[in-house]
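Biologist: I'm new to this one, so could you walk me through the reasoning behind the labels?

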Amino acid sequence: MSYDRAITVFSPDGHLFQVEYAQEAVKKGSTAVGVRGKNIVVLGVEKKSVAKLQDDRTVRKICALDENVFMAFAGLTADARIVINRARVECQSHRLTVEDPVTVEYITRFISNIKQRYTQSNGRRPFGISSLIVGFDFDGTPRLYQTDPSGTYHAWKANAIGRSAKTVREFLEKNYKDEDVESDTETIKLVIRALLEVVQSGSKNMELAVMKRDEPLKILDPEEIEKYVSDIEKEKEETEKQKKKT
Amino acid sequence: MATFFGEVLSVYSRAVEEDEDEVEDENEEDQQIRREMELKRAVHVEWCSEVTQSMMNSSEKTLQCSDFVIAVGCNAAGFLSAYVLNSGDWTVVGSVSLWNERSRGSSRQSGVPPQGEPSCVFYRQRDCPSVIICLCTCHVAEDQLFQWTEKVFGYIQRRGLNVMVLADCSVAEYKTPDSPFSSGVPFLRALKSSLYGSQIICPLLEQPNIVTGLQAAVLSHCQVHRIPAVLYQSYSDVISPDSVTMETYKPALTCLSKLVKLNTCPSTEILKKLVQVNEVQSNLYT
């Protein structure tokens with residue numbers, strides 16, 4: 001097991017242990033969920049409990065990269081800050097150079113390239129974050145991408161990262177329906193339901209960010225989230241009543 | 001070693017110079033320093049007056065003991081503290097004080113160090129005085145291990161003695177061809193001396209893993225002096241006291257219950273006192 005000491009060394013069976021350990025660091029971050037609807041993209045995150053004297057505005061898991069792209073991350077906070085800063089600079093540089101906003105895929109590829117470079121440099125360690133990048137391209141197509149510490153990225157219809165990501169992903173696989181995500185409300189509700197699977201003490205510990213086509217990013221107020229949660233609970237009660245009847 | 005283009009590495013020669021005159025060159029001052037270091041790093045075992053008295057009265061000047069349970073590390077000590085020491089009438093009967101770079105206790109301490117501080121303390125129960133429990137949370141340096149074992153076991157009668165050691169270890173030290181995360185951390189592994197006859201409650205430690213530290217010194221001592229001994233080592237990914245890691249030692253309760261009265265469900269208050277709660281302060285991960 002001495003192959004895990006230096007990032008640049010493969011183990012005999014082809015593992016890059018530092019990259020795999022970086023993926024373990026991601027699992028230490030709280031859960032983030034992303035769903036791509038037809039006309040809306042939604043990111044939901046589990047808010048970590050902050051210390052009493054800490055200003056919770058400084059603990060942000062959802063960050064805008066540009067007017068049409070935003071992302072959520074899970075893992076090492078400081079690593080995320082560096083990646084986000086570089087991505088934001090790149091978004092503006094792209095606007096100045098080609099006079100167009102970035103596509104979601106472009107900025108995802110940029111972030112993944114940075115991450116990959118750090119898996120192939122001596123003396124450096126990989127970034128310990130995975131991210132969910134969502135937004136709209138200038139042709140109006142909604143996008144959701146996920147990146148991980150190895151520098152790979154994939155497009156998803158719905159995904160989760162961080163602690164309990166596996167549980168949330170299984171819930172999404174069971175409950176994602178193409179017809180449902182045509183409705184904005186249903187997409188938001190799907191994200192909230194997915195988070196409720198793993199978030200303790202409900203809506204107080206959730207933060208949701210929503211972007212509709214040609215509209216700016218909107219962070220939902222706690223009251224709005226509470227309203228969705230009570231709608232979801234009502235629906236649950238009704239399905240249970242129906243089950244009891246049959 | 002991977003380097004960048006243009007970096008110049010100084011290469012160290014591995015040739016060994018045979019220098020037999022080295023030791024004779026030591027002058028009076030070096031010898032004095034060496035003596036002082038030996039004194040400073042000496043291991044001191046102290047017993048309470050009651051125990052010292054009973055040792056004086058015995059024929060071999062040793063303490064009669066049928067079962068000696070040693071906990072090495074904060075999780076093993078926390079487990080014994082919550083599940084054993086909290087039920088029944090256990091009193092402190094002795095302690096070991098030592099100094100090294102990581103355990104800067106004073107080399108001569110009177111009485112037991114305050115709770116929460118790294119220490120090495122012996123407990124005995126009034127109703128069952130043949131069982132001794134040792135909670136060792138201070139670091140014992142490699143050069144002090146032999147002294148610790150010789151001195152402590154020198155006070156204990158060897159005939160009829162059984163030893164059980166519970167020890168913490170980091171899962172990063174565990175070598176396995178499988179992914180380390182597939183075994184479900186934390187987990188227990190065992191090692192025993194050849195005379196230990198009872199059943200082991202978990203798999204034996206696989207090769208090429210080795211045990212180091214105080215637990216290894218104790219087990220080696222028991223093997224050499226033909227004392228039945230078993231070591232249960234818990235591999236965990238948490239370095240601080242943690243209730244989940246403490247619970248891995250629970251199967252050892254089946255062996256311990258034959259010896260002493262146990263509290264199989266310690267209250268959460270007792271566990272909370274033992275476990276460091278520092279999660280809210282940790283902003284490392286978001």
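**Sheet and strand contacts**

Modeller: Start with A:V41, whose bridge partner in β9(A) is A:M211. Bear in mind that this is a predicted model, where local features need pLDDT of at least 70, side-chain atom pairs count only at pLDDT 80 or more, and totals for chains, interfaces and linings use all residues. Residues are numbered from 1 along each chain as its sequence is written, chains are lettered from A and ligands numbered from 1 in the order in which they are written, and side-chain values use heavy atoms, leaving out hydrogens and water.

Biologist: What makes β2 and β9 of chain A a pair?

Modeller: Pairing takes at least two bridges found by DSSP. Strands β2 (residues 40-46) and β9 (residues 206-212) of chain A have seven, in the antiparallel sense. Strands themselves are DSSP runs of E, at least two residues, and helices are runs of H or I, at least four, numbered from the N terminus.

Biologist: Why is A:T147 called buried?

Modeller: Buried means under 20% relative accessible area (exposed is over 50%, partly exposed in between; 1.4 Å probe, protein chains only). A:T147 has 0%, so the label fits. This residue is found in strand β6 (residues 142-147) of chain A.

Biologist: How do you know that A:T147 and A:S131 make a polar contact?

Modeller: The term needs a pair of N or O atoms within 3.5 Å; within protein, one must be able to donate a hydrogen and the other to accept it, and residues adjacent in sequence count only if both atoms are side-chain atoms. The side chains of A:T147 and A:S131 are joined at 2.5 Å, and those of A:T147 and A:K115 at 2.8 Å, so both pass the distance cut-off.
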